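Colleague: I am new to this structure and would like to go through it with you by question and answer. Could you show it to me before we begin?

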Amino acid sequence: MARPAEKASLDQWYVIDIAAEIPAEAKPNRLLGRDLVVSRDPAGTVIVREKLEGGALGEPLPTRDRYGFIWTTLGTPERELFDIPEADEPDRRHVVCGAVAVRASGLRIVENFLDMAHFPFVHTDILGAEPHTEVRHYTTEIRRDVDEVWATNCEFFQPQAALSASGGIMTQYMYRVAAPFQTLLYKTCPAAANRWDVICLFVQPLDHDRCRAHPVMFIIDDESTLTSMVHFQQLIFLQDRIILENQRPRLLPLEPRAEIPTRADISSVAYRRWLKEKGVTFGTAERAA
Ligand SMILES: [Fe+2]
């Protein structure tokens, strides 16, 4: 039997579906190795319950409707769902890109999201191109006041940084890991020089080695159609999925020497150290204590 989820992973908020796509009738879902049933009550409110041994349903779990998604938790989160102030700015497009199933640990997905070195090789001629392969020095830190991992002063040459970009530009990035399975980035906005486009990747761990990724963007772009923006992001993420599903081991190693980091990987080193401090083991190669 698979190792059950530990407290550190249980006590978090997770996306389980796009809010607008939850039907009235009961639908199965899954989180952290446990079965859920999602439905709506007669008033339309989303109800999430755990399916217990023998098929009985547990008490309704806490839910939040935020950023276009329904969130829930199987534990008791210490904090409210993290804030993304840009999500409430009225002139941004809110682009929900659709769930992508990935056969990999959810933590691997977050780590890949933080990695700039793969741009020229995985997202060739979009987010990177040879010979511009160097990851310049950037800063990474665990922000203790908010308990998040940040990487700042990141930059990379990108041939097509966004659909709204015309020609290659040096793109600035900031990365933020707001919870063990929840990450977002702020990048140069080609359409507004003094603001950032925000791209979020909310990961729903189904099992240790299987998850659904829920990308959503809050971007400034008055020109592109919604469909073309969704397609652009899906193209990028499907390129990542090929890499993610071929990574071995499929679970994330937290032991420092399991995989040799380079200078470009300092954000991943901080992320793994932070996971270890928190005692996160779901999706890791840690042996059960
Ligand atoms: Fe990627």
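Colleague: Which residues coordinate the iron ion?

Modeller: This is a predicted model, and the distances between the iron ion and its donors are computed at 2.0 to 2.5 Å. Along the chain these donors follow the spacing H-x4-H-x116-D. The iron ion is coordinated through NE2 of two histidines and twice through OD of an aspartate, namely by His118, His123 and Asp240.

Colleague: What is the geometry of the site of the iron ion?

Modeller: The iron ion has 4 donor atoms, and the angles among them run from 56 to 152°. Four donors count as tetrahedral if all angles lie between 85 and 135 degrees, and as square planar if opposite donors are over 155 degrees apart and all others between 65 and 115. With the angles found here, the site of the iron ion is irregular.

Colleague: How many residues apart in sequence are the parts that histidine 123 and aspartate 240 tie together?

Modeller: Histidine 123 lies in the loop between α3 (119-122) and β9 (139-143), whereas aspartate 240 belongs to helix α4 (residues 226-246). The pair therefore ties together parts whose separation in sequence is 117 residues.

Colleague: Is histidine 123 buried or exposed, and is aspartate 240 buried or exposed?

Modeller: A residue counts as buried if its relative accessible area is under 20%. Histidine 123 has a relative accessibility of 1%, so it counts as buried. Aspartate 240 has a relative accessibility of 7%, so this residue too counts as buried.

Colleague: Which element gives the largest share of the lining of the largest pocket?

Modeller: The largest pocket has a volume of about 500 Å³, and of the 22 residues that line it, the closest to its centre are Glu111, Glu259, Asp265, Ser268 and Arg272. By class, its lining divides into 8 nonpolar, 5 polar and 9 charged residues. Both α2 (106-113) and α5 (266-278) supply at least two residues of this lining, and the largest share, 6 residues, comes from α5.

Colleague: Which elements give two or more residues to the lining of the second largest pocket?

Modeller: The second largest pocket holds about 390 Å³ of space, and among its 17 lining residues Asp11, Gln12, Glu78, Arg79 and Lys278 lie nearest the centre. Its lining divides into 9 nonpolar, 1 polar and 7 charged residues. The elements that give two or more residues to this lining are α1 (7-10), β11 (169-179) and α5.

Colleague: Which element supplies the largest share of the lining of the largest cavity?

Modeller: A search of the whole structure finds 3 cavities of 30 Å³ or more, and in the largest cavity lies about 350 Å³ of space. Of the 28 residues lining the largest cavity, Leu127, Leu185, Ile199, Gln233 and Ile236 lie nearest its centre, and by class the lining has 19 nonpolar, 5 polar and 4 charged residues. The elements that give two or more residues to it include α2, β12 (182-188) and α4, and the largest share, 7 residues, comes from α4.

Colleague: Which residue in the turn of the hairpin formed by β5 and β6 has a positive phi?

Modeller: Strands β5 (residues 63-66) and β6 (residues 69-72) run antiparallel and are joined by 4 bridges, and threonine 63 has threonine 72 in β6 as its bridge partner. The hairpin leaves 2 residues between the two strands, and the one in the turn with a positive phi, about 60°, is tyrosine 67.

How values were computed:
Residues are numbered from 1 along each chain as its sequence is written. This is a predicted model: local features need pLDDT of at least 70, side-chain atom pairs count only at pLDDT 80 or more; totals for chains, interfaces and linings use all residues. Side-chain values use heavy atoms; hydrogens and water are left out. Donors are N, O and S atoms within 2.8 Å of the metal (3.2 Å for Na, K and Ca); water is not among the atoms, so sites may look incomplete. Four donors count as tetrahedral if all angles lie between 85 and 135 degrees; four count as square planar and six as octahedral if opposite donors are over 155 degrees apart and all others between 65 and 115; anything else is irregular. Buried means under 20% relative accessible area, exposed over 50%, partly exposed in between (1.4 Å probe, protein chains only). On a 1 Å grid over the protein atoms alone, a cavity is a set of points where a 1.4 Å probe fits but cannot get out, and a pocket is an open set with protein on both sides within 12 Å along at least five of seven lines; lining residues have an atom within 4 Å of a point. Grid points are joined across faces, edges and corners, and a volume is the space filled by probe spheres set on the points. Ala, Val, Leu, Ile, Met, Phe, Trp, Tyr, Cys and Pro count as nonpolar, Asp, Glu, Lys and Arg as charged, and the others, Gly among them, as polar. Two strands pair if DSSP finds at least two bridges between them.
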